[in-house]
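Please load the model in your viewer and keep the selection panel at hand. The tour below moves from one selection to the next and says what is there at each stop.

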Amino acid sequence: DRARSNKRLKQLLSGQQVPPIEFRLRRADGSYVEVETTSTSILWEGQRAVQAIIRDISERKRAERMLILMMRAVDQVGEAVQWISADGRFIYANDAATRLHGYTAQELCTMSISDVDPDLPAAKWRRYFRSVKKKNRIVSDRFWHHKKDGGVIDIETSDTHVRLDGEDYLFSVLRDISERKQWQAKLEESE
């Protein structure tokens with residue numbers, strides 16, 4: 001970081017403008033702190049000088065690392081996970097959700113819930129969403145989802161309402177219970 005700092009200082013002292021940068025500073029006690037520095041070249045009493053604002057961004061960097069860690073965990077968990085907006089649009093689907101439906105995450109994020117569940121048109125979706133929001137806890141339900149290849153899967157969901165920055169979302173964990181239902185039917189037939 002020292003070499004980058006020296007290079008920036010030379011640029012600034014020659015009158016060049018430089019963008020803000022992030023780096024680590026060592027404190028007097030030997031520990032490090034992550035900072036963002038915004039610097040500008042100024043004239044001070046007829047001499048070229050550097051004015052710098054240094055901001056501690058340790059907490060922001062920690063939050064960014066936790067977000068990345070959480071996203072990687074959710075992407076790789078075995079259960080299908082989806083975020084759905086209040087109007088029924090998919091805004092996120094993890095790897096298991098894409099495998100379950102046969103669509104890419106990008107494809108799903110251009111679709112609404114009624115695209116994979118024709119029995120859940122917009123009006124019915126809004127009622128379901130409001131009921132989950134009102135209960136303010138995890139709600140389990142069962143749906144039939146249509147896959148990209150035309151197949152139909154029996155889905156069990158665990159849904160919960162989340163509100164962030166004034167927006168409402170449904171966090172949904174899905175399980176394909178088609179096979180379990182087939183086994184139950186066979187077991188009932190054999191009795």
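A residue is called buried here when its relative accessible area is under 20%, and exposed when that area is over 50%. Keep in mind throughout that this is a predicted model.

**The whole chain**

Begin with the entire protein chain in a cartoon view, where the secondary structure comes to 7 helices and 8 strands. The radius of gyration is 26 Å, well over the 16 Å that the globule rule gives for 191 residues, so the protein chain is more spread out than a compact globule. If you align the view to the principal axes, the C-alpha trace spans about 95 × 35 × 35 Å. Switching to a surface, you are looking at about 12,800 Å² exposed by the protein chain, with carbon and sulfur atoms supplying 53% of that area. Colouring by burial would mark 31% of the 191 residues as buried. Among the contacts with a separation of 6 or more, 36% are between residues 24 or more positions apart.

**Strand E4 and its partners**

Next, select residues 80-85, which form strand E4, a mostly covered element in which 5 of the 6 residues are buried. Add residues 167-176, and you have strand E8, which pairs with E4 in the antiparallel sense over 6 bridges; within this pairing, Trp-83 stands opposite Phe-171 of E8.

Now add residues 90-93, strand E5, which runs antiparallel to E4 and is joined to it by 3 bridges. Here Ile-84 is the residue of E4 to centre on, since it stands opposite Phe-90 in E5. Between the two strands of this hairpin lie 4 residues, and Gly-88 takes a positive phi near 90°.

Before leaving the strand, show the side chain of Gln-82, which lies in E4. Is Gln-82 buried or exposed? Its relative accessibility is 1%, and because the cut-off for burial is 20%, Gln-82 counts as buried. Which residues does Gln-82 touch, not counting those up to four places away in sequence? Its contacts include Phe-90, Tyr-92 and Ala-93, and Leu-170, Phe-171, Ser-172 and Leu-174 are also among them. To complete the selection, add Ala-97 and His-101, which Gln-82 touches as well.

**The aromatic cluster**

Move on to the rings, of which the structure holds 5 aromatic pairs. The rings of Trp-125 and Tyr-128 have their centres 6.1 Å apart and their planes at 45°, so this pair is tilted. Selecting residues 122-135 displays helix H6, where Trp-125 and Tyr-128 both lie, 3 residues apart, or about one turn of the helix. Both of these residues are buried.

From Trp-125, turn to Phe-129: the centres of their rings are 5.7 Å apart and the planes stand at 50°, so this pair, too, is tilted. Trp-125 and Phe-129 are separated by about one helical turn, because they are 4 residues apart in H6. Phe-129 is buried, as is Trp-125. Finally, add Phe-143 to the selection, and you have one aromatic cluster formed by Trp-125, Tyr-128, Phe-129 and Phe-143.

**A charge over a ring**

For the last stop, select Arg-24 together with Tyr-32. Where does Arg-24 lie with respect to Tyr-32? Arg-24 lies over the face of Tyr-32, at 3.9 Å from the ring centre.

Definitions and conventions: Residues are numbered from 1 along each chain as its sequence is written. This is a predicted model: local features need pLDDT of at least 70, side-chain atom pairs count only at pLDDT 80 or more; totals for chains, interfaces and linings use all residues. Side-chain values use heavy atoms; hydrogens and water are left out. Buried means under 20% relative accessible area, exposed over 50%, partly exposed in between (1.4 Å probe, protein chains only). Two strands pair if DSSP finds at least two bridges between them. Contact means heavy atoms within 4.5 Å. Rings of Phe, Tyr and Trp (its six-membered ring) pair if their centres lie within 6.5 Å; planes under 30 degrees apart count as stacked, over 60 as edge-to-face and the rest as tilted. A charge sits over a ring if NZ of Lys or CZ of Arg is within 6 Å of the ring centre and within 35 degrees of the ring normal. The radius of gyration is taken over C-alpha atoms; the globule rule is 2.2 Å times the number of residues to the power 0.38. Accessible areas come from the Shrake-Rupley method with a 1.4 Å probe; for residues, only the protein chains shown count as cover.
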